[in-house]
Structures are given as structure tokens and as C-alpha cells.
Amino acid sequence: MEIKSYQNQAELLLKEYILADPFIPYTAIVGGIFAFKLVYDLTHLFSSVHFKSYSSFLRIQRVEWSNRAVSTIHALFITVMSLYYVFWSDLFSDIQFDGLITYRNSSVSTFVLGVSVGYFLADFGMIIWFYPSLGGMEYVIHHLLSIAAVAYSMLTGEGQLYTYMVLISETTTPGINLRWYLDTAGMKRSRAYLINGVVIFLAWLVARVLLFLYLFYHVYLHNDQIKQLHIYGQILVFVVPLVLAVMNLTWFVKIIKGLKKTLAKRQ
């Protein structure tokens with residue numbers, strides 16, 4: 001009976017406080033930061049035991065090794081959730097519900113965005129702390145835009161559909177990280193490195209070029225609803241995806257050049 005009482009108290013605490021609507025964003029952010037730290041430490045521990053060459057890495061290489069593991073886990077998590085909300089969930093369907101699509105949200109969709117904000121905050125802190133070893137100014141700009149857009153959407157509930165559309169682009173992150181791992185392991189001339197380059201090219205084309213064209217088309221179709229957002233929300237819907245699209249195209253050109261070099265070396 002005593003155990004049952006403690007269980008009921010824990011469930012009440014979870015429902016009434018931790019996952020109560022006003023606390024969801026903050027609970028999720030803290031959870032995202034905690035998860036970042038947990039995966040980072042576990043990656044370091046696992047790698048030091050199971051990868052013999054890990055101990056020979058420079059300190060910054062070990063930091064980036066663990067950091068990229070965290071970004072891969074986050075990318076897989078947010079990609080699955082984003083694909084669900086954009087293409088399968090009824091929450092943002094034009095058919096299932098009435099009302100403005102730009103104001104729709106749920107406790108779960110808000111919580112997921114909060115976890116992502118926690119990740120971006122923790123990762124941004126590492127980028128600044130080790131700058132420029134973990135990424136140059138383009139990474140700083142990318143993370144600042146991501147934090148601003150995702151946090152605003154999480155806190156206000158506005159434009160969550162478009163936030164999730166942009167977050168689908170995180171599907172390219174595991175491939176990029178794998179490429180770094182292969183490079184660090186001295187496998188630039190391997191078949192796996194070539195396949196990885198082709199996969200990155202295709203994933204980037206779909207998730208960061210074609211998907212953004214779909215996003216802009218969707219914005220055009222729902223322009224009347226977007227104009228009813230607060231001015232800051234309108235800026236985030238119109239400006240942030242546009243800036244990210246330009247950055248994506250710039251990186252896409254580099255990916256094409258890199259793939260050409262890899263193919264030339266193979267020949």
C-alpha cells in the first residue's frame with residue numbers, strides 16, 4: 001500500500017506540475033539539456049572502452065566525437081517527430097480541423113519542440129566555448145536562428161507546422177556526422193565513404209532543397225493565415241526559412257564539389 005501511495009503521488013506530481021501546460025516548455029528544455037549531457041558522457045565512456053584509437057585522439061577530437069553523437073541522436077528523434085506531425089498527424093491537417101493552421105499545437109508537440117530547444121542551447125554553448133573548433137560563424141548563425149524560431153513557436157504555439165517542416169532538414173545530420181567519423185578514422189578512400197557522399201547528396205537534395213520549396217509553396221497557399229500571426233511570428237515564418245534555404249544551397253554546392261572529388265579519386 002505504501003508503494004502504491006508513492007506511485008500515486010509521483011503520478012500526481014508529473015501530471016499537475018511537471019507536465020502541466022504552463023510548465024511543459026521549461027520541463028522539456030531542462031530535459032533536452034539533461035539528455036544532451038547524458039548522451040555526451042555515455043558516448044565518451046563507451047568510446048574510451050570500445051574504440052582503441054579513441055584514446056589517441058586530440059582533446060578537441062574527443063569533444064567533437066561525443067558532440068556529434070549527441071547531434072545524431074537529436075536528429076533522429078526530431079526527424080521522426082517532424083515527419084509525423086507534418087505528414088501523418090491530423091493536428092495540422094486542412095481537412096480534419098477548422099481554424100487557422102498557424103495557431104494549432106498540442107502539449108506533446110510543444111514538449112517535443114522544448115526538447116529540441118534544450119539541445120540547441122546546449123550545443124550552441126559548446127560551439128561558443130570551443131569556437132571555432134566545433135564550427136565557424138555559419139554554425140553560430142544557424143543555431144541562433146534555430147533557437148529563436150523553435151523557442152518562439154514552442155512558447156507561443158504559433159507556426160509549429162512550419163517549425164516542424166524546417167526541422168525535417170535535420171535528417172541530413174547523421175550522414176554528415178558519419179562522414180566526419182569516417183574521415184577521422186582514416187577511411188576517406190573506402191567504399192563506405194563514397195556511399196556516404198552519395199547518400200548525403202540525395203538526402204540534402206530532398207530535405208534541404210526540395211522540402212524548402214514545398215514549405216514556400218505551403219506558405220504561399222496559407223499566406224492569409226500567416227498574416228494573422230504576430231509580427232515576430234511572421235518574420236520567423238518568412239525570413240528564417242529563407243535565410244536557412246540560402247545557407248542550405250551554399251552548403252549543397254560544397255557537397256556537390258566534394259562528391260565530384262571523391263568520385264574522381266575513385267576513378
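**Exercise 1. The largest pocket**

How do the residues of the lining of the largest pocket divide into nonpolar, polar and charged? Work out, too, where in the chain this lining comes from.

*Solution.* Begin with the volume: in this predicted model, the largest pocket has a volume of about 1000 Å³. It is lined by 33 residues, and those closest to its centre are R68, Y139, I176, N177 and W204. Sorting the lining by class gives 13 nonpolar, 11 polar and nine charged residues. Next, assign the lining to helices: α3 (59-88), α4, α5, α7 (173-184), α8 and α10 each supply at least two residues, and the largest share, six residues, comes from α7.

**Exercise 2. The largest cavity**

Describe the enclosed space of the model and name the helices that supply its lining.

*Solution.* First take the count, which comes to one cavity of 30 Å³ or more. The largest cavity holds about 250 Å³ of space, and of the 26 residues lining it, A149, Y162, T163, V166 and V240 are the closest to its centre. By class, this lining consists of 15 nonpolar, eight polar and three charged residues. Finally, at least two lining residues come from each of the helices α5 (137-156), α6 (160-167), α8 (191-221) and α10 (231-266).

**Exercise 3. Two buried side chains**

Are T110 and H143 buried or exposed, and which polar partners do their side chains have?

*Solution.* Start with T110, which lies in helix α4, spanning residues 107-129. Its relative accessibility is 9%, and because buried means under 20%, T110 counts as buried. A polar atom of the T110 side chain lies 2.9 Å from the backbone oxygen of S106. Once neighbours within four places in sequence are left aside, the contacts of T110 are with I24, P25, N105, M154 and Q160.

Turn then to H143, which is found in helix α5. With a relative accessible area of 5%, H143 also falls under the 20% cut-off and is therefore buried. Its side chain makes a polar contact of 2.7 Å with the side chain of D123. D123 appears again among the residues that H143 touches, which are F120, D123, F124 and I127 when residues up to four places away in sequence are not counted.

**Exercise 4. Residues with more open surface**

Classify F87, D90 and S56 by accessibility, and place each of them with a distance or a contact.

*Solution.* F87 lies in helix α3, and its relative accessibility of 44% falls between the limits of 20% and 50%, so F87 counts as partly exposed. Beyond its neighbours within four places in sequence, F87 is in contact with I168, L211 and Y214. The C-alpha atom of F87 is separated by 30 Å from that of V140, a residue 53 residues apart from F87 along the chain.

D90 belongs to the loop between α3 and α4, where a relative accessible area of 40% makes D90 partly exposed. Although D90 and L161 are 71 residues apart along the chain, their C-alpha atoms are separated by 11 Å.

S56 lies in the loop between α2 (24-50) and α3. Its relative accessible area is 56%, and as exposed means over 50%, S56 is exposed. A polar atom of the S56 side chain nevertheless lies 2.6 Å from the backbone oxygen of S53. The C-alpha atoms of S56 and F46, which are 10 residues apart along the chain, are separated by 15 Å.

**Exercise 5. A peptide bond to check**

Which geometry does the peptide bond from Y131 to P132 have, and where does P132 lie?

*Solution.* Read the omega angle of this bond first: it is near 0 degrees, and the bond from Y131 to P132 is cis. Then locate the proline, which lies in the loop between α4 and α5.

**Exercise 6. Confidence in the model**

What pLDDT does the protein average, and over which residues is the pLDDT below 50?

*Solution.* The average pLDDT of the protein is 89, and 91% of the residues score at least 70. Over residues 10-20, however, the pLDDT is below 50, and this stretch has 11 contacts in the model beyond near neighbours in sequence.

Notes. Residues numbered from 1 in each chain as written. Predicted model: local features only at pLDDT ≥ 70, side-chain atom pairs only at ≥ 80, totals over all residues. Heavy atoms only, no water. pLDDT = per-residue confidence, 0-100. Contact = heavy atoms within 4.5 Å. 1 Å grid on protein atoms, 1.4 Å probe; cavity = no way out; pocket = protein on both sides within 12 Å on 5 of 7 lines; lining within 4 Å. Points joined across faces, edges and corners; volume = space filled by probe spheres on them. Helix = DSSP H or I, 4+ residues; strand = E, 2+ residues; numbered from the N terminus. Nonpolar A, V, L, I, M, F, W, Y, C, P; charged D, E, K, R; others polar. Buried < 20%, exposed > 50% of the residue type's maximum accessible area, 1.4 Å probe, protein only. Polar contact = N/O pair within 3.5 Å; in protein donor to acceptor, adjacent residues only side chain to side chain.
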